[in-house]
Amino acid sequence: MSNEIAKLSPQGLWESFYKLTQIPRPSKKEGKAIDFIEEFGKSLGLTTIRDEVGNVIIRKPATPGMEDRKGVILQSHIDMVPQKNSDKEHNFETDPIETYIEDGWVTANGTTLGADNGIGVAAAMAVLQSNDLVHGPVEALITMDEEAGMTGANALKPGLLEGDILLNMDSEDEGELYVGCAGGSDANVKFSYTEKEVPAGSVAFELALTGLKGGHSGLDIVRGRGNANLLLFRFLKYAVANLETRLSSIDGGSLRNAIPREAFAVVTVPAGMADEFTDSLEEYEDMYKAEFGEVEPNLSFVAEKVDLPASLIDEVTQDDMINGIIAAPNGVMRMSTDMEGLVETSTNLAIVKSNNGVVDVQCLMRSSVNTAIADLESKMESVFRLAGADIQFGGQYPGWKPNLDSPILKTMQEVYNNKWGKIPEIKAIHAGLECGILGSAYPNWDMISFGPTIRFPHSPDEKVNIETCKKFWDYLVETLKNIPVK
């Protein structure tokens with residue numbers, strides 16, 4: 001495997017990022033990477049703290065003459081979203097990420113890259129190990145399990161960190177400063193079903209709806225991409241009503257914060273309707289392609305004849321589940337009236353999986369308005385309770401309210417303008433940055449989020465722009481030089 005990315009500039013950042021790509025770090029299974037970061041801090045002779053859940057804090061003293069500056073926390077999360085194409089052989093718990101350079105971008109071979117948020121971690125590492133930067137007191141805060149529950153941020157105890165300013169390095173557009181983010185809530189739905197015998201004279205098909213772009217359920221929800229679960233169930237509703245189709249199993253989506261790219265189902269139909277069934281599926285594929293056009297150019301919807309399954313989901317539950325999923329809110333619910341182009345409220349029907357008498361459905365709801373999340377929870381509860389399912393809510397995390405009078409915002413605007421001759425855009429993001437949670441534990445922090453340009457995070461198309469990584473690094477270095485005095 002090539003290590004060509006380690007030779008890119010700035011070399012300290014890219015060498016550190018390359019090392020991270022060699023260490024498996026999917027959410028919930030990032031222990032090896034946490035060990036690596038802890039040992040990294042200790043190897044530099046710096047004060048290194050690992051808290052009870054696995055967050056790592058590394059302190060670096062101010063360089064001579066900068067001791068009177070406000071302390072800065074460089075914050076990023078160590079875990080990455082494990083997504084791969086269905087034809088890619090890769091074990092995220094054991095295998096390194098295969099990176100390559102293409103047209104000025106670093107990307108990965110058939111998997112997520114982990115630039116979200118590995119580039120931020122790598123930048124913090126580069127600051128910690130550098131001997132020629134000018135900065136005040138610095139602390140690196142590397143949190144765990146951001147992508148699958150904000151576990152590290154939620155568990156961070158007050159009093160562990162000494163700094164005054166938080167620089168979150170988990171944003172994905174260079175030239176933009178983020179001063180607010182959405183909060184979120186998970187809807188966990190369960191349909192309990194009885195297993196029934198397969199009717200005589202049936203044939204079975206495995207349906208595969210694949211080739212969608214997917215992506216980040218916050219950042220990409222506004223792009224109008226297809227949701228594989230909804231498209232598959234849209235066909236199932238027709239097939240059940242018109243072609244005596246029965247559902248045996250369903251497996252759609254894999255992560256609560258990723259728009260589902262693929263969905264699969266095993267169904268049966270009467271043998272005499274098999275041809276009509278496959279013809280209808282082809283018609284639906286053509287219809288979906290026409291509807292989504294260039295948004296989803298690789299959409300594929302096919303059926304393969306397979307052996308009869310051992311059992312079927314009972315018809316009442318099957319019908320209730322199809323109706324509930326079709327009716328459930330999904331996508332953008334409302335755009336912000338305060339910031340043009342910003343999604344205020346959305347939901348993502350992320351996962352539908354059957355196993356051992358239960359179909360699990362997971363949705364992630366986001367909003368920058370807490371009462372809007374509560375309203376969306378109410379809608380979800382109404383839909384799925386009417387459909388006969390059990391629904392529970394959890395994983396709630398707060399949003400981050402913008403402070404346009406922030407001193408670090410003013411400093412970073414001035415630094416950018418002095419270096420590149422323009423003022424960076426000020427934005428909020430429809431995603432779950434850790435700033436809202438961290439700020440509730442450390443209300444004295446002045447916070448901002450920034451980063452290089454990353455495209456298609458949470459999908460195998462994820463890539464990070466090389467030129468903007470250099471600019472991001474230069475911006476970080478210059479910001480550290482200009483941190484105000486205490």
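1. Start with pairing: two strands pair if DSSP finds at least two bridges between them. Strands here are DSSP runs of E with at least two residues, helices are runs of H or I with at least four residues, and both are numbered from the N terminus. With that in hand, look at β17 (residues 343-355) and β18, which run antiparallel and are joined by ten bridges. One pair to find on screen is V352, which stands opposite V361 in β18.

2. A quick word on what you're looking at. This is a predicted model, where local features need pLDDT of at least 70, side-chain atom pairs count only at pLDDT 80 or more, and totals for chains, interfaces and linings use all residues. Residues are numbered from 1 along each chain as its sequence is written, and side-chain values use heavy atoms, with hydrogens and water left out.

3. Back to β18. Together with β17, β18 makes a hairpin that has two residues between the strands, and N356 in the turn has a positive phi of about 50°. Strand β9 (residues 183-192) also runs antiparallel to β18, again with ten bridges. There, the bridge partner of A187 is C363 in β18.

4. How covered is β18 (residues 358-367)? Mostly: seven of its ten residues are buried. "Buried" means under 20% relative accessible area, "exposed" means over 50%, and "partly exposed" is in between (1.4 Å probe, protein chains only). It helps to remember that in a regular strand the side chains alternate between the two faces of the sheet.

5. There's also an open sheet of four strands, in the order β4-β5-β23-β22, with antiparallel pairing. Its edge strands, β4 (99-102) and β22 (454-455), each pair on one side only. For β22, the antiparallel partner is β23 (residues 463-465), over two bridges. Try locating R455, whose bridge partner in β23 is K463.

6. Now a helix. α2 (residues 31-43) has 13 residues and reaches 18 Å from its first C-alpha to its last, close to the 18 Å expected at 1.5 Å a residue. (That expected span is 1.5 Å times one less than the number of residues.) Which residues of α2 are buried? They are A33, I34, I37, E38, F40 and G41. They sit on the same side of α2 because they cover an arc of only 155° around the axis, where the arc is that of the directions from the helix axis to the C-beta atoms. The background is simple: an α-helix has 3.6 residues a turn, so residues three or four places apart point the same way. On the face turned away from the buried side, you'll find the exposed residues K32 and S43.

7. Next, the empty spaces. On a 1 Å grid over the protein atoms alone, a cavity is a set of points where a 1.4 Å probe fits but cannot get out, and a pocket is an open set with protein on both sides within 12 Å along at least five of seven lines; lining residues have an atom within 4 Å of a point. Grid points are joined across faces, edges and corners, and a volume is the space filled by probe spheres set on the points. The structure has four cavities of 30 Å³ or more. The largest cavity holds about 170 Å³, and among its 20 lining residues E146, E147, H216, R366 and G432 lie nearest the centre.

8. The second largest cavity holds about 60 Å³. Its lining includes D173, E174, Y416 and F472. Two elements, β8 (176-181) and α11 (466-481), give two or more residues to this lining, and α11 has the largest share, with three.

9. The largest pocket has a volume of about 470 Å³. Of its 24 lining residues, D173, Y178, G341, K427 and A428 lie nearest the centre. The elements giving two or more residues are β8, β20 (425-429) and β22, and β20 gives the most, five. A428 itself is found in β20 and counts as buried, at 13% relative accessibility.

10. One last spot to check is G324, in helix α7 (residues 315-327). Is G324 buried or exposed? Buried, with a relative accessible area of 2%. The C-alpha atoms of G324 and F384 are separated by 5.7 Å, although these residues are 60 apart along the chain.

Conventions: Expected span 1.5 Å × (residues − 1).
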